[in-house]
Amino acid sequence: MTIPLGHYLILAGVIFSIGLAGALTRKNAIIVLIAIELMFNAAILNLIAFWHYKQYAALTGQMFAVFAIGIAAAESAIGLALVIAIYRQSKTVDVDEIRSLKG
Amino acid sequence: MDYAFWIISGITVLGALLAVTLRNLVHCVLSLILFFLGIAAHYFLLRADFVGAVQILIYIGAVAVLILFAIMLTRNVTGADGPREVIGVKWWAGSVIAALTAFLLSFAVSGDKLAGTISPGDKAYVGVADIGRGFVGDWVVPFEVMAVLLTAALIGAVVIALEEIRHRR
Amino acid sequence: METIYKLIIGWFAGKPEWLPLAIAIAVPILFVVGVYPAIFAYTTLVERKALGRVQNRYGPNRVGRWGILQPLADGLKLLTKEDIVPRDADKFTHFLAPVMAVIPSVLLFAIVPIAPGLVPVNLNIGILFAFAISTASVLALFMGGWASRNKFSLLGAMRAVAQVVSYEVPMVLAAVAVVMAAGSLSTLDIVHAQKRGGLEIFGWFVFRPWGFVGFVLFAIGAMAESARTPFDIPEAESEIIAGYHTEYSGFKFALFQLGEYLAAIAMAGITVTMFLGGYLGPGCHLPYVGLLISAFWFFLKLGCMILLNIWIRGTWPRVRVDQLMGFAWKVLLPMALLNIVAVGIWHFMGNKALAWVVTATLLGVAFVILAKISASGNIEKRTYRYAN
């Protein structure tokens with residue numbers, strides 16, 4: 001493997017920025033959740049890349065990645081449940097239109 | 001190996017870009033699945049087989065399907081966003097922030113300090129059995145915390161999504 | 001596979017370096033895409049014949065003797081049919097869905113061993129890989145149903161997603177029991193763990209209390225996962241026409257069928273590997289001919305599992321949607337969790353005879369209680385107006 005570690009880090013950085021751009025610019029709450037998933041995955045890719053290049057014999061990197069994936073799954077389940085609940089309340093999933101603080 | 005990296009990276013970035021730019025929500029999710037597959041391929045390339053399989057199992061099998069279900073429950077079934085504006089008014093601010101982040105991250109890792117590669121003698125393979133032993137050994141406390149977190153998330157998701165039915169009664 | 005690789009590498013000693021590698025890659029691929037689709041073709045024939053017997057008719061018998069060329073005729077017919085795409089359909093997704101239906105099903109065969117050391121790919125994450133891949137098959141059903149822009153298709157897709165996601169859980173948990181007992185995720189190791197001297201058959205996991213329960217759970221889960229008839233509500237023809245493939249015709253429809261049957265065959269193969277001793281059988285460890293004998297036992301068991309599937313399909317009525325969901329979450333899931341406890345007890349009890357009794361009692365009592373709880377009220381005695 002002649003790909004240096006930096007390539008993976010830059011790839012993760014690019015994916016993270018795409019996710020950030022999506023989360024900041026799109027109006028649909030579900031797309032915002034998708035963008036957050038992108039950022040999550042970029043972070044986990046970093047964990048695995050560092051594990052591969054720096055700590056190959058140790059478990060830590062893979063363990064952290066598995067825990068992060070689990071937490072991301074929990075996050076998306078809650079996030080989507082919230083989106084559905086909000087949609088039932090206000091009949092929209094547009095994050096710019098959900099301004100009311102009253103339930 | 002090098003070719004594999006570039007091809008998979010291309011697919012991954014393409015999937016990510018399409019996932020946040022397409023108008024049709026279902027198409028977004030399908031691109032997201034492409035992106036997840038690319039990331040899983042990267043894990044296999046980095047010889048983290050277990051994490052790669054978990055990535056496919058959880059992200060494609062659960063998260064993507066969950067998002068599809070949420071779209072079906074909140075939108076008209078075509079998944080199209082309609083003629084309304086898809087992008088928020090302050091889109092340029094978000095884009096500038098994201099571009100700055102990308103620039104900063106690239107700048108930070110572009111130095112030669114991090115460009116380490118594994119030495120051939122360091123190839124002790126971490127198998128699934130080692131990870132399993134890790135879960136019930138050194139990492140047992142985070143593992144149990146994860147279990148509690150997932151249970152809480154499960155109950156929370158059900159309670160939040162079922163709220164309407166409770167009100168109706 | 002290693003022995004064969006060595007043999008091949010020996011043959012091509014003087015040739016260019018990449019040749020043995022290329023052959024070593026090509027042989028398993030050719031095997032998987034050659035043998036299993038042939039099994040699929042004749043499964044359809046056997047299924048139609050067997051269903052015919054169940055329903056007191058002949059089944060196909062016109063094309064060739066005993067209808068032996070029927071699969072070819074079917075294939076030709078589907079190839080020459082017009083490929084209709086609805087005007088409002090999402091063209092690209094509509095095109096992609098049948099392809100997506102076939103790919104995961106073919107990939108599943110990569111980890112099914114057919115003889116000692118003879119498995120297309122010996123992954124150390126074997127079973128986990130199979131589950132990861134099989135979850136992807138639900139996407140094809142969803143894409144097909146959604147892209148068709150048809151209410152029935154969409155209903156079928158929603159049903160398919162809900163069903164597959166629900167049945168995935170008890171199925172994976174049933175497999176966890178096997179993985180715990182074998183101590184490995186690799187399919188070769190799982191088969192190896194079922195080996196025992198003397199009468200080999202008693203080493204199979206299906207002859208342990210937890211193994212039997214796991215076998216039943218896994219077989220039900222596999223049937224539901226590939227939407228076979230007692231669980232085929234995603235394509236229930238009397239309710240929603242043909243579900244997610246209502247708008248598919250010609251070869252795309254054939255691809256959906258191919259994917260569905262290949263998934264069912266692959267799941268049968270994985271069931272054989274995990275519970276029925278895989279390729280183990282009398283004579284499977286003889287030198288040289290052992291490989292052939294093992295492959296014979298494997299395909300015999302695979303055939304039996306397929307016939308069991310067909311038998312169930314012919315004799316069981318389709319379940320309702322609510323029954324389907326309730327069954328997965330209220331019966332199968334608790335049983336699967338208890339099964340894992342039973343494996344733990346089995347593993348830590350020294351006296352296997354006592355362990356047999358304890359785990360059998362535990363699982364039996366649990367099953368009776370769950371069956372009582374989930375029974376939907378009393379079934380009234382039917383009174384017939386004219387028949388009595």
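Biologist: At what angle do helix α2 of chain A and helix α2 of chain B pack, and how far apart are their axes?

Modeller: In this predicted model, helix α2 (residues 29-54) of chain A and helix α2 (residues 25-45) of chain B pack at an angle of about 5 degrees, and their axes lie 11 Å apart.

Biologist: Why are α2(A) and α2(B) called roughly parallel to each other?

Modeller: Angles under 35 degrees count as roughly parallel, and the angle between these two helices is about 5 degrees, so α2(A) and α2(B) are roughly parallel to each other.

Biologist: Which residues of α2(A) and α2(B) meet, and how do they divide into nonpolar, polar and charged?

Modeller: From α2(A) come A:Ile30, A:Ile31, A:Ile34, A:Glu37, A:Leu38, A:Asn41, A:Leu45 and A:Ile48, and they meet B:Leu25, B:Cys28, B:Leu32, B:Phe35, B:Ile39, B:His42 and B:Tyr43 in α2(B). The residues of this contact divide into twelve nonpolar, two polar and one charged.

Biologist: Turning to chain C, what is notable about the phi of C:Asn56, and what makes C:Asn56 count as exposed?

Modeller: Most residues other than glycine have a negative phi. C:Asn56, which is not a glycine, has a positive phi near 60 degrees, and it is found in the loop between α2 (18-54) and α3 (70-80) of chain C. A residue is exposed if 12 or fewer other C-beta atoms lie within 10 Å of its own, and because C:Asn56 has 6 C-beta neighbours inside 10 Å, it counts as exposed.

Biologist: Why is C:Arg149 called partly exposed, and where in chain C is C:Arg149 found?

Modeller: The limits are 20 or more for buried and 12 or fewer for exposed; C:Arg149 has 17 other C-beta atoms within 10 Å and is therefore partly exposed. C:Arg149 is found in the loop between α5 (126-147) and α6 (151-182) of chain C, and although it is not a glycine, its phi is positive, at about 55 degrees.

Biologist: How do you know that the radius of gyration of chain C agrees with that of a compact globule?

Modeller: For 388 residues, a compact globule would have a radius of gyration near 21 Å, and chain C has 23 Å, which is why the two are said to agree. The C-alpha trace of chain C spans about 65 × 60 × 40 Å along its principal axes, and 44% of its 388 residues count as buried.

Biologist: How many helices and strands does chain C have?

Modeller: The secondary structure of chain C comes to 13 helices and zero strands. Among its contacts between residues at least 6 apart in sequence, 75% join residues at least 24 apart.

Conventions:
Residues are numbered from 1 along each chain as its sequence is written. Chains are lettered from A and ligands numbered from 1 in the order in which they are written. This is a predicted model: local features need pLDDT of at least 70, side-chain atom pairs count only at pLDDT 80 or more; totals for chains, interfaces and linings use all residues. Axes are lines fitted to C-alpha atoms, for helices over the stretch in contact, and angles run from 0 to 180 degrees between N-to-C directions. Helices (H or I, at least four residues) and strands (E, at least two) are DSSP runs, numbered from the N terminus. Angles under 35 degrees count as roughly parallel, over 145 as roughly antiparallel, 65 to 115 as roughly perpendicular and the rest as oblique. Two residues are in contact if their C-beta atoms, placed from the backbone, lie within 7 Å. Ala, Val, Leu, Ile, Met, Phe, Trp, Tyr, Cys and Pro count as nonpolar, Asp, Glu, Lys and Arg as charged, and the others, Gly among them, as polar. The radius of gyration is taken over C-alpha atoms; the globule rule is 2.2 Å times the number of residues to the power 0.38.
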